[in-house]
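Please open the structure in the viewer and keep the selection tool at hand. The tour below proceeds stop by stop, stating what to select and what is to be found there.

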Amino acid sequence: MLKSLAKRLFPRSAPADALATVERQRNPSLDGLRGCAVLIVMCSHFDGLFGITKGNLGVDIFFVLSGFLITSLLLREIADTGTVSLANFYARRVLRLAPALLVCVFLFGAIDLAFGIFPHNIILRSIPAAIFYVSNWVRAADLWNMYEFGHTWSLAIEEQFYLIWPIALLFLIGRVRNFTAIFAGVLFLVLAIEVNRYTLVARGAPEMWVSAAFHTRADAIFAGALPAIVAHAGISEGFKRLLWWAAPAGVMVIVLVLLLPADYLAWKQPFVVASVAVIVLHLSSNAASRMHLTMSADWLVYTGKISYGLYLYHYPIWYLTVHKYGAALSVGEKQAIGLFILVPASYAMAGMSFRYIETPALLMKERFRSRLTALA
């Protein structure tokens, strides 16, 4: 029954299983958008390179993309099989994310411990917090400073989303009989999280709690599920033409909102997330648009493909060097070091990680791949 309902709600044609075919099915413009996200985060961390200081924007782009891609994969599998193999899904997530994370945490943790850069007891607590994806709660409760692993809070939120979303989506599809109700249910959840966050900010809740707790920050990931649901339900040509105008307007909204002197999480973030969701839907459905072609530039697509490694490695590289020992440097000097030394070093490490760690893990991941799941 669930299978027939899923097929009726989300009809899909079965693609070939070959890895090469799956790779060809990747949307290069979404890789390009992921590249933009990681560059925003890196510039923000590298002392505001090019005047970019809003790292939260890059994180929210990552969140929306994750919600979109994972929901798309889940809906394909549900449409084909009527269910989701949870064991296979979780195995694929572990193989995609864990190898590079383990290398990053143990490498920089070993460097820190060997040279005594930060207190040993704190680093020894931070390593398992990062590995077991609870660092967002360490940050939210302000338990301790995780130093070079502080950036893993966003990875923890994504992993917690992966843990609950397949089960929640199966439950939702099994109980709901039409596309509009499914969309409305997810939209209600997104709005509820945003209202809750606004209420917490208005009441003076700790900034760390508001910015890092799952139930205060997961709206962007769930918002990414909305364009996935729309795309799988089918987009008319008229709606695609509307997106040609709506997506550039979304870019303008993001720029204008970020210029406003208001709290990001309370006021700006909902507009940013909604705009990114529109942009993602446009890029996934309009391969001939100017925005799609712009975001498909080779260097940007490559940056997107290695973005996981860039995100992992850039922060400890910066934290254990410029952040720790650069107090006497001017902002301009720090930015110059970031641009000419830390950025190339981050690209080099991420490139090697993608080739020698992530790609072999992705090939292992194929053993747990259902007929309709793809690389993500």
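At what angle do helix α4 and helix α12 pack, and how far apart are their axes? Select residues 55-81 for α4 and residues 219-233 for α12 in this predicted model. The two helices pack at an angle of about 45 degrees, and their axes are 6 Å apart. Because of that angle, α4 is oblique to α12. The crossing in which α4 passes α12 is right-handed.

Next, display the side chains where these two helices touch. On the α4 side, select Asp60, Phe63, Val64, Gly67, Phe68, Thr71, Ser72, Leu75 and Arg76. Their partners in α12 are Ala220, Ile221, Gly224, Ala225, Pro227, Ala228, Ile229 and His232. By class, the residues of this contact between α4 and α12 comprise 10 nonpolar, 5 polar and 2 charged.

**Second stop: α4 and α8**

Keep α4 selected and add α8, residues 153-175. Here the packing angle is about 30 degrees, with the axes 10 Å apart. Angles under 35 degrees count as roughly parallel, and α4 and α8 are therefore roughly parallel to each other. Their crossing is right-handed.

The contact can be followed along both helices. Residues of α4 that take part include Val59, Phe62, Ser66, Ile70, Leu74 and Ile78. Among those they meet in α8 are Trp153, Ile157, Glu158, Phe161, Trp165, Leu169 and Ile173. The residues of the contact of α4 with α8 fall into 16 nonpolar, 4 polar and 1 charged.

**Third stop: α3 and α16**

Now select residues 28-45, helix α3, together with residues 298-305, helix α16. These helices pack at about 75 degrees, and their axes lie 7 Å apart. That angle makes α3 roughly perpendicular to α16. From α3, the contact involves Pro28, Asp31, Gly32, Arg34, Gly35, Cys36, Val38 and Leu39. From α16, the residues to select are Trp299, Leu300, Val301, Thr303, Gly304 and Lys305. This contact between α3 and α16 is made up of 7 nonpolar, 4 polar and 3 charged residues.

**Fourth stop: the cavity**

How many cavities of 30 Å³ or more does a search of the whole structure find? The search finds 1. The largest cavity holds about 440 Å³ of space. To locate its centre, select Arg34, Ser66, Arg96, Leu97 and Glu158, the closest to that centre of the 25 residues that line it.

Several helices may then be coloured around this space. At least two lining residues come from each of α3, α4, α5 (86-115), α8, α16, α17 (307-325) and α18 (331-365). Which helix supplies the largest share of the lining? That helix is α4, with 5 residues. The lining residues divide into 14 nonpolar, 4 polar and 7 charged.

**Last stop: leucine 200**

Finally, select leucine 200, which lies in helix α9, residues 179-202. Add valine 210, which is 10 residues away in sequence. The C-alpha atoms of leucine 200 and valine 210 are 7.0 Å apart in space. Setting aside residues up to four places away in sequence, leucine 200 touches Ala205, Trp209, Val210 and Thr216.

Terms used:
Residues numbered from 1 in each chain as written. Predicted model: local features only at pLDDT ≥ 70, side-chain atom pairs only at ≥ 80, totals over all residues. Heavy atoms only, no water. Axes fitted to C-alpha atoms, helices over the stretch in contact; angles between N-to-C directions. Helix = DSSP H or I, 4+ residues; strand = E, 2+ residues; numbered from the N terminus. Parallel < 35°, antiparallel > 145°, perpendicular 65-115°, else oblique. Left-handed = near helix turned anticlockwise from the far one by under 90°. Contact = heavy atoms within 4.5 Å. Nonpolar A, V, L, I, M, F, W, Y, C, P; charged D, E, K, R; others polar. 1 Å grid on protein atoms, 1.4 Å probe; cavity = no way out; pocket = protein on both sides within 12 Å on 5 of 7 lines; lining within 4 Å. Points joined across faces, edges and corners; volume = space filled by probe spheres on them.
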